[in-house]
Structure formats: structure tokens, C-alpha cells
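Dear colleague,

I am passing on to you the structure we spoke about, together with some notes on what turned up in it. Please open it first and keep it beside you as you read on.

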Amino acid sequence: MISTALALRGVEISFDATTLAFDCTIAAGGIVAVAGASGSGKSTLFNVIAGFEPPDRGEVRIFGEEMAGRPPAERPVSVIFQEHNLFAHLDVATNVGFGISAALRLGAAERMKVEDALSRVGLAGFGSRLPPTLSGGERQRVALARAFVRHRPILLLDEPFAALDPGLRTEMRSLIRDLHQEEGNTILMITHHPDDVRALAESVIFLDQGRIIAHDETPRFFERRDIPAISRFLG
Ligand SMILES: Nc1ncnc2c1ncn2[C@@H]1O[C@H](COP(=O)(O)OP(=O)(O)OP(=O)(O)O)[C@@H](O)[C@H]1O
């Protein structure tokens, strides 16, 4: 039986000028692309799941458990943003080590895990570097290494490739695929690129004006021409 990783029921969140409303069920173990025009609500959806924005009403369940009142650090969720995932004044190993212990008391075994995660993302030997001395792609790989050591069952990727050139995008995609295969986790990935959807996602959630208007398996999504916003995304 496929278990449910995420269930949002009657979730509503209002800002000054707009109300967003989310209902969806996401099965465990897949990679789901989250797409939609700028301002359609993709980041807000992530913020609600991760616990950065409390909804005004409705419930967010993760593996069946209601998340209301649970702070982000205590949710079974990791998030990688477009940028600014790292503490600039702390070295790479310490940044990755935060994924294991927020208190930063790492023993020899934990330090090995950090080194191992850095090798897996192609950054062996980078542990003592400071984030500002890294390229954008390297910084994103450090963020991915931290996700590797955290082992949270849900990973939210908010346009993790946005600042990367095409060669690095391909590299990040394959790292994400590796992470997914090894962890068997559930990944939601915001993207503006149909190529990312095609390369990585099994299904697609599409938002328009603060609502989820489609949730399709990827092949079906690419055939859709009935909704203008999706046609625009597909180009
Ligand atoms: N903290 C906030 N205060 C006021 N309005 C907000 C806030 N967060 C989001 N909004 C509004 O909610 C709507 C959805 O924003 P959101 O950032 O979720 O969209 P998005 O799809 O992620 O956009 P983009 O692709 O440009 O990042 C927008 O109209 C935005 O202005």
C-alpha cells in the first residue's frame, strides 16, 4: 500500500491583498514538481508545509500527523532555497554538521558522515572553506550535502537550480535523483522549467492564483492544453 506523505485539507492563508487555499494529497516516495506563474503561491505552499507560515485555517498532515503548532525544526522536512541556505561565517563542514546536530557537538562518527556527504556531492576536501568563497553551484551542493545527513523523509526544493547555468543544472538534477534513490524520500521541487519536470518529476502540482488547479502524472501533464496557464508554462 502506498502511504500518504502529505495531506493538506482546507488550508487557507490570507495576506493583505490575497487569500491562498490549498488542498492536496501527495503519496510517499515520489518526486513532485510544483509549477505555476510568479505569484501563484508556490513558495507559500512550501512555507505552510515547512511551518514557516501558519495557515489561518485547515490542516497540514505529514505522514498522518497534524502539524499545527509544530515549529519548522521539529517537522520531518528539509528545505533547500534558491540561495542563502548557508551560514556565511561558518565553514562548509559546520554548515553540513547542522544537519546532524544544531548544538554542533559532532563526534568522530558524525564528522565522518559530514565528509562522506561532501564527497557524495563532489566536494571532498571543501570542509574548511567559507561559503562566500564557493561558486553558486558549490553552495547548492553544500545545501544538498546537509539534506543528505539530515535524512528527513520530505525534501522541499524551492528552485534549487535558479542561479545555476545549464551544465550545473544537469549536475544538480542527477545529485537530486541520487539522493532520492538512496533515501526513498518524498521530494517536492518548485521549478519554472518544463525540462526539470520532464527530467525529474513523476507528477506535477500546478498552481494558479493561489489554488492548486491540477495534480497530474507527468506524461498527462505534458499533454494538457485545456488550461491556458498550463499551456503558457509548457510554451
Ligand atoms: N509574507 C507575505 N506578505 C504579503 N503577501 C505575501 C506574503 N507571502 C506571499 N504573499 C503573496 O502571496 C502570493 C503568492 O506568493 P508566493 O511567493 O507564494 O508565489 P510564488 O508562486 O512562489 O512566486 P514566485 O515564482 O515569484 O516566487 C503573492 O501575491 C504574494 O505577493
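Of the 235 residues of the protein chain, 37% count as buried, and please keep in mind throughout that this is a predicted model. The chain contains eight helices and ten strands, and its C-alpha atoms fill a box of roughly 55 × 40 × 40 Å along the principal axes. A compact globule with 235 residues would have a radius of gyration near 18 Å, and because the protein chain has 18 Å, the two values agree. If we look at contacts with a separation of 6 or more, 65% of them join residues that are 24 or more positions apart.

Next, the interior. The largest nonpolar core has 64 residues, and those with the most contacts inside it are Val32, Val34, Ile49, Ala145, Leu156, Met189 and Val204. The element that gives the most to this core is helix H4 (residues 136–150), with seven residues. To take one core residue as an example, Leu156 is in contact with Phe46, Ile49, Ala50, Val77, Val79 and Leu188, once its neighbours within four places in sequence are left aside.

Helix H4 deserves a separate paragraph. At 1.5 Å a residue, its 15 residues should span 21 Å, and its end C-alpha atoms are 21 Å apart, so the expectation and the model agree. H4 is mostly covered, with eleven of its 15 residues buried; among them are Arg139, Arg141 and Arg146, as well as Leu144, Ala145 and Phe148. What do the buried residues of H4 pack against? Their partners are strand E6 (77–80), helix H2 (92–97), helix H3 (108–120), strand E7 (154–158) and helix H5 (166–183). After H4 comes His151, which has a positive phi, near 55 degrees.

Finally, the ligand. The residues that surround it are Phe15, Asp16, Thr18, Gly36, Ser38, Gly39, Ser40, Gly41, Lys42, Ser43 and Thr44. Sorted by kind, this shell divides into one nonpolar, eight polar and two charged residues. Helix H1 (residues 42–50) supplies the largest share of the shell, namely three residues.

When you go through the model yourself, you could begin with H4, which gives the most residues to the largest nonpolar core, and then turn to H1 and its three residues in the shell around the ligand.

With best wishes

Conventions: Residues are numbered from 1 along each chain as its sequence is written. This is a predicted model: local features need pLDDT of at least 70, side-chain atom pairs count only at pLDDT 80 or more; totals for chains, interfaces and linings use all residues. A nonpolar core is a set of buried Ala, Val, Leu, Ile, Met, Phe, Trp, Tyr and Cys residues joined through C-beta atoms within 7 Å. A residue is buried if 20 or more other C-beta atoms lie within 10 Å of its own, exposed if 12 or fewer, and partly exposed in between; C-beta atoms are placed from the backbone. Helices (H or I, at least four residues) and strands (E, at least two) are DSSP runs, numbered from the N terminus. Two residues are in contact if their C-beta atoms, placed from the backbone, lie within 7 Å. A residue is near a molecule or strand if its C-beta atom, placed from the backbone, lies within 6 Å of it. Ala, Val, Leu, Ile, Met, Phe, Trp, Tyr, Cys and Pro count as nonpolar, Asp, Glu, Lys and Arg as charged, and the others, Gly among them, as polar. The radius of gyration is taken over C-alpha atoms; the globule rule is 2.2 Å times the number of residues to the power 0.38. The expected span of a helix is 1.5 Å times one less than its number of residues.
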